[in-house]
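Work through the exercises below with the sequence and the model open. Each task is followed by a solution in steps.

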Amino acid sequence: MEKKYLVILEVSQKQAFIFSSNKLKDNVANSAVIAWVTDSDFFQEVIGDASIYKEENNLVYAGGGHTILVFDSKDQAKEFVWRVTLQIHKDYPNLEMFAKLLECEQEIGGEDLKRLSQELEKKKSRRGASFHQRTFGIEERNFKEKSEKEKPEKEKKLDREWMPEGFKAPLTLEQLGGDKNKSNFIAVVHIDGNSMGKRVENLRKSLEGKSWEEYRKAFYCFSCSIDEQFKAAYKEMTEEVAERLRKGKLKLNLVKDSSEYYFPIRRVITAGDDICFIAEGRIGLECARIFIEKLAKKRNMQDKQSYAACAGVAIVHQKYPFYRAYELAEELCSNAKRFIASTYAELHPVSEDGSKKEEIDSAEICANVCAIDWHIEYGEMKDGLEEIRQMYQTIEKEEEPQRLELRPYILSDPKGLLEKEEIRRYSKFKKLMQQMQTGDINYARGKLKEFRQYLKEGETAAAHYMKTKQMNDMELLGYQDIFTEIDYSKVKIGSGSHLERKTFIQTADKKKRCLYFDAIELLDTFLAIEE
């Protein structure tokens, strides 16, 4: 077999590039630039010569800010890389693109693609010693004008197609809406597919012994299907929100220009299974839920498997540093993924002989469970989620740790892998949230918020407050409608009065967690979107 040459192109430090500005229109434009410079249409436009680049011959797969290609000769590969990277440097001097070429002397397979990625990582690790030309002012101005005003037509078309009829795309965070007197928050939502690396590995194994052309086509179909279906889930989510707005079933203070209302959601990143969008603060959690529910109904065209994903939602003030909010959303999403695997491990401990009763790979667990985590940021800048969550430790000191937050929550678990952790279902949190907001739980908001302060002191203080204020725990918790299937006789609970055991409950991680705190904290920053 003649030699083949694999090439990988990857945008470095994508998030830093996208969120280099605190302006929404710049973030959207910068994300569009990354999507454009890794797109086959961009390659065709720059090269303009089928003997150097032709999609059906050279493209292996693309997504998430990187592209893999194959060429018949080294000269062809080098010419392609030189032309493309030169054009990127001219058009977008602040964008850093890495390229790596790998020579293959025999039939290409999965090991070569792995080796290509490894070689790229080695090259990126030498970044500190590399020279990178910065801008001189004129280039900066040209870059901004091109990214904001000359967005590629393909991206402009997507914007038009994905904006629900009758609404206008917001260009500033203020245009997302809100209420300065009540809720002036935005929600930065990051969603990432679960166990995608495992699926890629499984696809590679299923293609062992196949020809390179079959291999290439399979990966191309796999990556295209991911990109199309994640984008479709986003579009379906926005259409559902728009329909509720049109029918008056979702009450938001929309911002209006001369003719149209600005839509309260704006996409920032839609790259394969990596999704980021911004929403009016009160609907961020529900938008994430709807997206994941829409996604779960789809199946990849190549491996025929459905999707699972996790979401992280950072609810922050409009003036909060945008990049920090995105980093927090990413960290929350990662925490939701860790929660799935760690909770399964706690619920299925190792047996005495050192083995588990049923051995399930952590990637397989994540592939079947979806979860969500969030945080409301009131302005106290912390280094990361771990430091933030230290604030949720109760003041009361006991042998067993007491935590105020019950999140992350389980969005879906079709195989019942975490069925013993039913108390942490998002649907139950939402039901309790709605009962507090609609008055089904008949306590003034002032009393509920005062109750939150006693919850911070711990289980005993909270129980005394409920008793003093004559707060009936059965009514507050909404047992009949929410937790009827929970058999408390089988759950480890705190010792003490009847009130105490309904305030905190021990979860799979061996920590006592508060049943009410999450809902009370979100009381003014949550709106349900009903089907």
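**Exercise 1.** In this predicted model, work out what span helix α15 (residues 426-438) should have at 1.5 Å a residue, and compare that with its end C-alpha atoms.

Solution.
- Helix α15 holds 13 residues.
- The expected span is 1.5 Å times one less than the number of residues, so α15 should span 18 Å.
- The end C-alpha atoms of α15 are 18 Å apart, which agrees with the expected value.

Follow-up: which residues in α15 are buried? They are Y426, K428, F429, K430, L432, M433, Q435 and M436.

**Exercise 2.** Lay out the open sheet of six strands and place the helices that lie across its strands.

Solution.
- Write down the strand order, β8-β9-β6-β10-β11-β13, with mixed pairing.
- Mark the edges: β8 (265-271) and β13 (409-412) each pair on one side only.
- Add the twist, which averages 20° from one strand to the next.
- Take one pair inside the sheet: β10 (residues 309-317) and β11 (residues 370-376) run parallel and are joined by six bridges. I315 stands opposite I376 in β11.
- Place helix α11 (residues 284-296) across β6 (185-193), β8, β9, β10, β11 and β13, at about 165° to β10.
- Place helix α2 (residues 24-37) across β8 and β9 (274-280), at about 25° to β8.

**Exercise 3.** Do the same for the open sheet of four strands.

Solution.
- The order is β2-β3-β1-β4, and the pairing is antiparallel.
- The edge strands, each pairing on one side only, are β2 (59-63) and β4 (96-104).
- Neighbouring strands are turned by 15° against each other on average, direction ignored.
- Between β2 and β3 (residues 66-71) there are four bridges in the antiparallel sense. The bridge partner of Y61 in β3 is I68.
- Helix α6 (residues 110-125) lies across β1 (4-12), β3 and β4, and runs at about 135° to β4.

**Exercise 4.** Is L515 buried or exposed, and where in the chain is L515 found?

Solution.
- Locate the residue: L515 is in the loop between β15 (512-514) and α20 (517-521).
- Read its relative accessibility, which is 6%.
- Apply the cut-off: buried means under 20%. L515 therefore counts as buried.
- Check a partner ten residues away along the chain: the C-alpha atoms of L515 and I505 are separated by 7.0 Å.

Terms used. Residues are numbered from 1 along each chain as its sequence is written. This is a predicted model: local features need pLDDT of at least 70, side-chain atom pairs count only at pLDDT 80 or more; totals for chains, interfaces and linings use all residues. Side-chain values use heavy atoms; hydrogens and water are left out. Helices (H or I, at least four residues) and strands (E, at least two) are DSSP runs, numbered from the N terminus. Buried means under 20% relative accessible area, exposed over 50%, partly exposed in between (1.4 Å probe, protein chains only). Two strands pair if DSSP finds at least two bridges between them. Axes are lines fitted to C-alpha atoms, for helices over the stretch in contact, and angles run from 0 to 180 degrees between N-to-C directions. Contact means heavy atoms within 4.5 Å.
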